[in-house]
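Colleague: Could you take me through one part of this model slowly, the place where the two chains meet? I'm new to this, so plain words please.

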Amino acid sequence: MFQNIIIGQYVAGNSFIHDLDPRSKLTATFLFVLIVFLANNWLTYLILFLAVLVAMLVSNVSPNYIYKGMKPVFLLVIAMFILHAFFTKEGELLFAIGWFEVYLGGIIQGLFIAFRLLLLIMMTTLLTLTTAPIQMTDGLESIFGPLRRFNVPVHELALMMSISLRFIPTLLQETEKIMKAQMARGVDFTGGPITRRIKAIVPLLVPLFMQSFRRAEDLATAMEARGYRGGEGRTKLRELVWMKKDTMAVLTITTIGFILLFLRS
Amino acid sequence: MKKELIQINGLSFKYDEDGDEVLSNVDLTIHEGEWVSIVGHNGSGKSTLAKFLNALLIPNESNVVLVEGLDTVNEENIWEVRKRVGMVFQNPDNQMVATTVRDDVAFGLENIGIPPKEMVARIEWALKRVNMERYTEYEPHRLSGGQKQRIAIAGILAMRPSIIILDEATSMLDPIGRQEVLETVRMLKKEDGITVINITHDLEEAVNSDIVFVMNRGNIKIHGTPRYIFQQTEEIIGAGLELPFSLEVQKQLKSKGYQLSNACLTKEDLVNELWKLRLKT
Ligand SMILES: Nc1ncnc2c1ncn2[C@@H]1O[C@H](COP(=O)(O)OP(=O)(O)OP(=O)(O)O)[C@@H](O)[C@H]1O
Ligand SMILES: [Mg+2]
């Protein structure tokens, strides 16, 4: 049932974008998210769209993957369009059915908002497609590192994240095992009214939680036995190296931001 | 006389102030290069004892736990002791920390602050030692139980320990996995001179060790060579343990009036004794 689990959407590869430092990718994506909100006319949206297109081409990820990553949110995009198209009363009146009126301004506004959402989703999907979860964790730990001075447990949070990543497949496998064991005892997970199905979850969750607590305790002991003593004095196998191309990537996005500042109306 | 690696004198311990003593007055000496088996029934205190050996539990002042001369009462020694004594636990799934084999072997090295360049070399070496170098990029859930335990051993090995403790490390494995793990450790003992402490309740596994300690309710009842220990059938049964197959056969034969001349520790020995039995009578 849960075979071949892939955590996140990462697709291994070695394009320019794959090879970027996770910190530069995170920074660039964050900047892009800000910049998207600057766009407010056809030209600026076109520029952003071209930027995403170029990034996608350079990443060498098959458009199919990107489409799959975006599919779950299409409904949201359409809903956003409809909402804005119907409730913005600006510009020329296109048609009216009774009190229900649709204006040209509304359509345009709806298109812009939907397009903005699409751009955001495309860019973040690209980030998750080209960055392994563990790299993402390393990147976040490094970016938020300075917060340690304000007693934010950055190292611990990153470790929590990576341990979660490590145990998701294990827990899924275990869920499957428990489900089978309970099914053999006559629990029906698939059929029946919703209330019965919710009740069927209980004999699944209880053993799962008990096991997880056990695991947590065992793991803590094993970590201590291997000399774990917190982030202090710890070295890292995966060193992040910021290179020229990382600076380039961030600068490119910043430049696009400035161009948009001039071209927006 | 070989160097003493571990020395415990009169160690008593209870988890709760007003609970039962889990360890009472335990004495234990382990020498360099030995294969030591600690056997005992469930709850006899084996794991608790093991935790003292790598400073996961700290004795109070009146007890002595020395690891390579380092007193674990002294807090400054804890980290050094954990570097020198590696532990492999029972459940293969609950001791891998990282998302890939390579990162997991690195975990211990990161903890003790090894520079990244040296880490890479040590990881490669350790994975080769346990014959897992082809699995460097694997995620834990794609490994068998025996493979996971060997990764755990590699993670310890990379830290260059002098002692490896296996706390029922093979009890959740199938026969093949068990064989893989024991073979690996045997090789490490032979070629790298690592001292092995194997905790088990399977006496069969203790046959080839240099010395066996039998625990019963927090006490070390008897200790000695497997040959000596296996002759103390009353003690073994009294400690709630099952006799190894060959000994059980001998005991049954004896009760039927067939006395074998030598105690046979392995099935091969037993077969050899059996076919010679008629020749003598
Ligand atoms: N963390 C703990 N807190 C309180 N009591 C404990 C704890 N760990 C173990 N005990 C108790 O100490 C006793 C010895 O446990 P220990 O785990 O050392 O036995 P063991 O010989 O390793 O057994 P097993 O063969 O089941 O692993 C048991 O009675 C157990 O209930
Ligand atoms: Mg135990």
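Modeller: Let's start with charge. Between chain A and chain B the count is four salt bridges. Keep in mind that this is a predicted model. Side chains of opposite charge can pair when their charged atoms come close. Find A:Arg234 and B:Glu110 on your screen: they form a salt bridge, and their closest N and O atoms are 3.1 Å apart. Over all chains, the structure holds 26 salt bridges.

Next come the polar contacts. The rule picks out 13 residue pairs in polar contact across the interface of chain A and chain B, with both residues at pLDDT 80 or more. On the chain A side, helix H7 (154–184) and helix H8 (194–225) each supply at least two of the residues that touch chain B. H8(A) gives the most to that side, with nine residues. Sorted by class, the side of chain A that touches chain B has twelve nonpolar, seven polar and eleven charged residues.

Now for the whole meeting place. In contact with each other are 30 residues of chain A and 37 residues of chain B. The two chains bury about 2,900 Å² between them, and 55% of that is on carbon and sulfur atoms. Three residues are worth clicking on here: A:Arg166, A:Arg226 and A:Leu237 supply 31% of the area that chain A buries against chain B, more than any other three residues.

There are also closed spaces to look for. Searching the whole structure turns up three cavities of 30 Å³ or more. The largest cavity holds about 270 Å³ of space. Its lining is made of 17 residues, and the ones nearest its centre are A:Ile134, A:Leu159, A:Ser162, A:Lys236 and B:Glu110. You've met B:Glu110 already, as the salt-bridge partner of A:Arg234. Helix H6 (133–143) and H7 of chain A, along with helix H3 (101–111) of chain B, each give at least two residues to this lining. By class, the lining of the largest cavity has seven nonpolar, three polar and seven charged residues.

The second largest cavity has about 60 Å³ of space. Around it sit A:Ala222, A:Ala225, A:Arg226, B:Met87, B:Phe89, B:Gln95, B:Ala152 and B:Ile156. So A:Arg226 turns up again, having been named among the three residues that supply 31% of chain A's buried area. H8 of chain A and helix H5 (145–157) of chain B each supply at least two residues of this lining. Here the classes come out as six nonpolar, one polar and one charged.

Last, the largest pocket, with a volume of about 1,100 Å³. It is lined by 44 residues, and those closest to its centre are A:Arg214, A:Asp218, B:Phe89, B:Gln90 and B:Asn91. B:Phe89 is also in the lining of the second largest cavity. H7 and H8 of chain A, plus helix H1 (46–53), H5 and helix H6 (175–192) of chain B, each supply at least two residues of the pocket's lining. The largest share, eight residues, comes from H8(A). By class, the pocket's lining divides into nine nonpolar, 20 polar and 15 charged residues.

If you follow one element through all this, make it H8(A): it gives nine residues to the side of chain A that touches chain B, and eight to the lining of the largest pocket.

Terms used. Residues are numbered from 1 along each chain as its sequence is written. Chains are lettered from A and ligands numbered from 1 in the order in which they are written. This is a predicted model: local features need pLDDT of at least 70, side-chain atom pairs count only at pLDDT 80 or more; totals for chains, interfaces and linings use all residues. Side-chain values use heavy atoms; hydrogens and water are left out. Contact means heavy atoms within 4.5 Å. Buried area is the accessible area (1.4 Å probe) that two parts lose on being put together, summed over both. A salt bridge is a side-chain nitrogen of Lys or Arg within 4 Å of a carboxyl oxygen of Asp or Glu. A polar contact is a pair of N or O atoms within 3.5 Å; within protein, one must be able to donate a hydrogen and the other to accept it, and residues adjacent in sequence count only if both atoms are side-chain atoms. Helices (H or I, at least four residues) and strands (E, at least two) are DSSP runs, numbered from the N terminus. Ala, Val, Leu, Ile, Met, Phe, Trp, Tyr, Cys and Pro count as nonpolar, Asp, Glu, Lys and Arg as charged, and the others, Gly among them, as polar. On a 1 Å grid over the protein atoms alone, a cavity is a set of points where a 1.4 Å probe fits but cannot get out, and a pocket is an open set with protein on both sides within 12 Å along at least five of seven lines; lining residues have an atom within 4 Å of a point. Grid points are joined across faces, edges and corners, and a volume is the space filled by probe spheres set on the points.
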